[in-house]
Amino acid sequence: MGEWSEYFEDFPEENPGNYVGERFDPKGAQALREQQAKAAADQANLNSEIAAIVQKHRPAAKPKK
């Protein structure tokens, strides 16, 4: 028996990654994955920008006596 990827190439309707909701839509599923990846990357960029702003405006630590 071959690899799972070979099986799904032969029977794409058996791959749960090709469904959007309960509807078989390989192109729609791929577009959804790309959209989710872009949203995750955008959120990561926003998080790093927010962290930089917070660090910039954080008061300096006072020296201990």
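Does Lys56 count as buried or exposed, and at what relative accessibility? At 66% relative accessibility, Lys56 counts as exposed, and the residue has its place in helix H2. The model described here is a predicted one.

## Overall form

The secondary structure of the protein consists of two helices and two strands, and these elements follow one another along the sequence in the pattern α-β-β-α. The C-alpha atoms fill a box of roughly 70 × 25 × 15 Å when the box is taken along the principal axes. The radius of gyration of the protein is 22 Å, whereas a compact globule of 65 residues would have a value near 11 Å.

Distances along helix H2 and beyond can be illustrated with a pair that includes Lys56. From C-alpha to C-alpha, Lys56 and Asp25 are 46 Å apart in space, and in sequence the two are separated by 31 residues.

## Surface and charge

Of the 65 residues in the protein, 5% are buried. The accessible surface comes to about 6,100 Å², and carbon and sulfur atoms account for 56% of that area.

The protein carries 9 positive and 11 negative charges, and the mean positions of these two sets are 30 Å apart.

## Aromatic pairs

The count of aromatic pairs comes to three. In one of them, the rings of Tyr7 and Phe8 have their centres 5.6 Å apart and their planes at 65 degrees, and because an angle over 60 degrees counts as edge-to-face, the pair is placed in that class. Both partners are partly exposed, Tyr7 with a relative accessible area of 28% and Phe8 at 22% relative accessibility. For Phe8, the value of 22% does not fall under the 20% that would make a residue buried, so the residue is assigned to the partly exposed class. Ring pairs also bring in Phe11, so that Tyr7, Phe8 and Phe11 are linked into a cluster.

Another pair is formed by Tyr19 and Phe24, whose ring centres lie 5.5 Å apart and whose planes meet at 65 degrees, so this pair is edge-to-face as well. Tyr19 counts as partly exposed at 30% relative accessibility, and Phe24 is likewise partly exposed, with a relative accessible area of 36%.

## Salt bridges

Two salt bridges are counted in the model. One of them joins Arg23 to Asp25, with the closest N and O atoms 3.1 Å apart. This separation is within the 4 Å limit, and the contact therefore qualifies as a salt bridge. Arg23 itself is partly exposed, and its relative accessible area is 49%; because exposed residues must lie over 50%, Arg23 is not placed in the exposed class. Asp25 is also the residue whose C-alpha atom lies 46 Å from that of Lys56.

The other salt bridge is between Asp42 and Lys38, and here the closest N and O atoms are 2.8 Å apart. Which separation along the helix do Asp42 and Lys38 have? Both belong to helix H2, which spans residues 26–57, and because they are four residues apart in this helix, about one helical turn separates them. Their accessibility classes are not alike: Asp42 counts as partly exposed at 35% relative accessibility, whereas Lys38 is exposed, with a relative accessible area of 53%. Helix H2 also holds Lys56, which counts as exposed at 66% relative accessibility because that value lies over the 50% limit.

Terms used: Residues are numbered from 1 along each chain as its sequence is written. This is a predicted model: local features need pLDDT of at least 70, side-chain atom pairs count only at pLDDT 80 or more; totals for chains, interfaces and linings use all residues. Side-chain values use heavy atoms; hydrogens and water are left out. The radius of gyration is taken over C-alpha atoms; the globule rule is 2.2 Å times the number of residues to the power 0.38. Buried means under 20% relative accessible area, exposed over 50%, partly exposed in between (1.4 Å probe, protein chains only). Accessible areas come from the Shrake-Rupley method with a 1.4 Å probe; for residues, only the protein chains shown count as cover. Lys and Arg count as positive and Asp and Glu as negative; His and the chain ends are not counted. The place of a charge is taken as NZ of Lys, CZ of Arg, CG of Asp or CD of Glu. Rings of Phe, Tyr and Trp (its six-membered ring) pair if their centres lie within 6.5 Å; planes under 30 degrees apart count as stacked, over 60 as edge-to-face and the rest as tilted. A salt bridge is a side-chain nitrogen of Lys or Arg within 4 Å of a carboxyl oxygen of Asp or Glu.
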